[in-house]
Amino acid sequence: ALGFLQTNYEDVPYNFYNIKLVTEKMLKEFFDNRKESDHLFKNEDGELIGIVNQDYLYLTKELSDEDQRFYILKGLLYSMGLHGVSYKNSESFFYRDEGVNRELSELDTEASRLLYGGGLKPGLTLEDTRKTLGLST
């Protein structure tokens with residue numbers, strides 16, 4: 001890269017989250033070269049509006065500001081492993097009618113705190129997990 005000069009920079013792996021708002025044409029390009037682990041976001045008409053993985057989110061820039069905010073939050077949560085559907089908690093961000101709730105509910109916030117706030121750690125026994133959650137053993 002620098003001819004005869006050697007760089008003294010350590011190669012650091014790609015370790016940050018990349019959010020890109022792109023044209024529909026560029027999103028199609030990402031779609032054509034997608035990984036098996038990519039998750040696709042589609043609008044109500046079934047049209048592709050985004051692609052998410054553990055370290056990136058690509059969204060079409062044609063979305064409204066409100067929709068961009070919603071899908072950025074949804075993509076970040078998805079990348080953290082927080083995805084799925086709630087059929088009972090109608091106030092949850094994850095309620096079955098996508099987009100109805102555009103903010104995290106109190107329960108959603110507490111669940112993310114529990115998972116990412118250091119309370120639960122890999123390797124906990126069932127008894128340790130119950131103690132952490134304040135459940136009887």
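A residue is called buried when its relative accessible area is under 20%, exposed when it is over 50%, and partly exposed in between (1.4 Å probe, protein chains only). The structure is a predicted model, in which local features need pLDDT of at least 70 and side-chain atom pairs count only at pLDDT 80 or more, while totals for chains, interfaces and linings use all residues. Residues are numbered from 1 along each chain as its sequence is written, and side-chain values use heavy atoms, without hydrogens and water.

The interior comes first. The largest nonpolar core, a set of buried nonpolar residues joined through side-chain atoms within 4.5 Å, has 12 residues, among them Phe41, Ile49, Leu63, Phe70 and Phe94. At least two residues of this core come from each of β3, β4 (56-60) and α2 (65-79). Helix α2 supplies the largest share, 3 residues. In soluble globular proteins, nonpolar side chains tend to be buried together.

The surface carries a nonpolar patch of about 520 Å², made by Met80, Leu114, Leu115, Tyr116, Leu133 and Leu135. Patch residues have over 30% relative accessible area and no salt bridge (Lys or Arg side-chain nitrogen within 4 Å of an Asp or Glu carboxyl oxygen); nonpolar side chains are joined within 5 Å and like charges within 9 Å. Helix α3 (residues 106-116) gives the most to the nonpolar patch, with 3 residues. Leu114 lies in this helix, α3, and counts as partly exposed because its relative accessibility is 31%.

A patch of negative charge also lies on the surface, where Glu24, Glu44, Asp45, Glu47 and Glu62 gather. Glu47 belongs to the loop between β2 (39-42) and β3 (48-53). With 46% relative accessibility, Glu47 therefore counts as partly exposed.

Notes: Areas by Shrake-Rupley, 256 points an atom, 1.4 Å probe, with all protein chains shown as cover. Helix = DSSP H or I, 4+ residues; strand = E, 2+ residues; numbered from the N terminus. Lys, Arg positive; Asp, Glu negative; His and termini not counted. Charge placed at Lys NZ, Arg CZ, Asp CG, Glu CD.
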